[in-house]
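Me: Please take a close look at the second largest pocket and describe which residues line it. Put the chain as a whole in view before the detail.

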Amino acid sequence: MPATKNLCAQISLELHQKISEAREESGLTTAQYITELLTEYFKMKENGGNITMTNNTTRTLAFQISEELFQRIKAHLERESARLGRKVTQREFVLGVIEGALNMAEPMDVDEGYVGPCEAQPEGGDIQPQEEDNPAALGA
C-alpha cells in the first residue's frame, strides 16, 4: 500500500453537499472518492483537458429521466436501504437492473431462434394474432 498523507481544505457548504451526494451514490468512502476525483482531474489536465479512458475498464453511461421516474427510483432505494439495513446506491440499482435484463436476454439470441421485437420478420411472415384475438381459435 502506498504511503498516504492527509489533505484538509475548507470548502463551501454547497460544494460539500454536492460532493457528499455524489460520494454516497458512488458507494465509495470519502478518501476513495476524493482520491478518484483528484486522479481523474490530473489525468484530464495532462491530456489537455480531454477525458480519456486510459485503462478501458469502466465506461460512463449517462441519460436523463423524468422527475416522476426519478422520484420513484429514490423511493425504491429508500425502501431497499431500510429492508437491507444498508444504503443502496443509484449506481448499484441501475447496474442491477441492466445486468438482470441482459441476463434474461442473452440466452435467447438470434442464433437460437429468438427474434426480438425490432428484428425483421421473415418474408411473408405476418405477425400472428394472439389466441384471444383470433376468432377461429375461440371457436367463433
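Reply: Accessible areas here come from the Shrake-Rupley method with a 1.4 Å probe. On that basis the protein chain, which is a predicted model, exposes about 12,700 Å². Carbon and sulfur atoms supply 55% of that exposed area. Burial is given per residue: of the 140 residues in the chain, 7% are buried, where buried stands for under 20% relative accessible area.

The secondary structure consists of four helices and zero strands, so that the order from the N terminus reads α-α-α-α. Among contacts in the chain with a separation of 6 or more, 21% join residues 24 or more positions apart.

Now the pocket itself. The second largest pocket has a volume of about 700 Å³, and its lining is made up of 20 residues. Nearest its centre lie Leu7, Thr30, Ala31, Ile34 and Leu38. Two elements give two or more residues to this lining: helix H1, spanning 13–26, and helix H2, spanning 30–46. Of the elements, H2 gives the most, with six residues.

By residue class, the lining of the second largest pocket holds twelve nonpolar residues, six polar and two charged. Leu7, Ala31, Ile34 and Leu38, named above as lying nearest the centre, belong to the nonpolar class, because Leu, Ala and Ile count as nonpolar. Thr30, also among those nearest the centre, counts as polar, because Thr is in neither the nonpolar nor the charged list.

Terms used
Residues are numbered from 1 along each chain as its sequence is written. This is a predicted model: local features need pLDDT of at least 70, side-chain atom pairs count only at pLDDT 80 or more; totals for chains, interfaces and linings use all residues. Side-chain values use heavy atoms; hydrogens and water are left out. On a 1 Å grid over the protein atoms alone, a cavity is a set of points where a 1.4 Å probe fits but cannot get out, and a pocket is an open set with protein on both sides within 12 Å along at least five of seven lines; lining residues have an atom within 4 Å of a point. Grid points are joined across faces, edges and corners, and a volume is the space filled by probe spheres set on the points. Buried means under 20% relative accessible area, exposed over 50%, partly exposed in between (1.4 Å probe, protein chains only). Contact means heavy atoms within 4.5 Å.
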